[in-house]
Amino acid sequence: MSREVTEGLAEAVVAAGAPPAPLLSAPWSLRPVVTDDDVALVARWMAEPHVELFWEQAWPVARWRAAIDGQRDGDYSRPYLVSHRGAPLAYVEIYRVARDVVGLQYDADAHDLGIHLALGELSSTGRGLGRAMVRAVVDGLFAADPRCAVVVADPDERHAMARRMFAGAGFALWGVRDLGHKRAAILRHERPAIFM
């Protein structure tokens, strides 16, 4: 199932364009998923049991290449690798909420941004790195788009570790909703005063 909403988009949603890249600073860095090695890494991570359980996208490299190219060709979502001290840590998709099924659950503003993420290596989980990375990415999104008032995450409602990670990074539970492909915990992070 495609998450992207393409019909009936308001003029302001279209005008908002593609989501911006978060502005990160050391020890964090970010790069678009572009090279064959990047795509192969994403495909490998998606086949890891702790990721596949909730993403359900243990696809071959060729299918991931097509999905990533499709993101880059549109204005809905952008795929990135986030690294910590130069070592790749996570696959992250930044999306415009008003172009996503999540945006159908509330009155999403054209500049609201969403984040999907997968910590690739199981050894990277449970150490606080994910929480710190989410904080850095969210701050980077607020810095990148001054009109963004809310960043949203929508992990599977059963994914207790992801829900704790987002809560620890400042997200609050807005509600649990059926998105068609999963029951999601919709979590929201309001723009902090420091970014006003």
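## The annotated stretch

Helices and strands here are DSSP runs, numbered from the N terminus; a helix has at least four residues and a strand at least two. The model is predicted. Over residues 31-78 the chain is 65% helix and 8% strand. The C-alpha atoms at the two ends of that stretch are 11 Å apart.

UniProt lists residues 31-78 under "domain: Acyltransferase MbtK/IucB-like conserved". That record is an unreviewed entry.

## Helix H2 and its cover

Helix H2 spans residues 36-46. Its buried residues are Asp38, Val39, Leu41, Val42, Ala43, Trp45 and Met46. What lies over them? The cover of these buried residues includes two helices, H3 and H4. It also includes strands E1 (28-32), E2 (77-84), E3 (87-96) and E4.

## Arg65 in helix H4

Helix H4 runs over residues 61-73, and Arg65 lies in it. Is Arg65 buried or exposed? Its relative accessible area is 18%, so Arg65 counts as buried, the cut-off being under 20%.

The side chain of Arg65 has a polar partner. One of its polar atoms lies 2.7 Å from the backbone oxygen of Val34. Neighbours within four places in sequence aside, Arg65 is in contact with Val34, Thr35, Asp36, Val39 and Arg72. Val39 is also one of the buried residues of H2.

## The largest pocket

How big is the largest pocket? Its volume is about 1,300 Å³. The lining has 48 residues, and the closest to the pocket centre are Trp55, Gln57, Glu93, His116 and Lys182. Several elements give two or more residues to this lining. The helices that do so are H3 (49-55), H4, H5 (129-144) and H6 (160-168). Strand E4 (113-119) does so too.

Which classes of residue make up the lining? There are 21 nonpolar, 14 polar and 13 charged residues.

## Val138 in helix H5

Val138 has its place in helix H5. The residue is buried, because its relative accessible area is 1% and the cut-off is under 20%. Which residues does Val138 touch, apart from neighbours within four places in sequence? The contacts are Val151, Phe171 and His189.

Val138 also pairs a wide gap in sequence with a short one in space. Pro22 is 116 residues away along the chain, yet the C-alpha atoms of Pro22 and Val138 are 7.4 Å apart.

## Backbone details in the loops

Three loops hold backbone features to look for. Start with the loop between helix H1 (11-16) and E1, where Pro27 is found. The peptide bond from Ala26 to Pro27 is cis. Its omega is near 10 degrees.

Next is Glu56, in the loop between H3 and H4. Glu56 is not a glycine, but its phi is positive, near 55 degrees. Is Glu56 buried or exposed? The relative accessible area of Glu56 is 54%, so the residue is exposed, the cut-off being over 50%.

Last comes Arg85, in the loop between E2 and E3. Arg85 has a positive phi of about 55 degrees, again without being a glycine. Arg85 is exposed, because its relative accessible area of 66% is over 50%.

Methods. Residues numbered from 1 in each chain as written. Predicted model: local features only at pLDDT ≥ 70, side-chain atom pairs only at ≥ 80, totals over all residues. Heavy atoms only, no water. Buried < 20%, exposed > 50% of the residue type's maximum accessible area, 1.4 Å probe, protein only. Polar contact = N/O pair within 3.5 Å; in protein donor to acceptor, adjacent residues only side chain to side chain. Contact = heavy atoms within 4.5 Å. 1 Å grid on protein atoms, 1.4 Å probe; cavity = no way out; pocket = protein on both sides within 12 Å on 5 of 7 lines; lining within 4 Å. Points joined across faces, edges and corners; volume = space filled by probe spheres on them. Nonpolar A, V, L, I, M, F, W, Y, C, P; charged D, E, K, R; others polar. UniProt positions renumbered as here; feature names shortened; annotations may be inferred.
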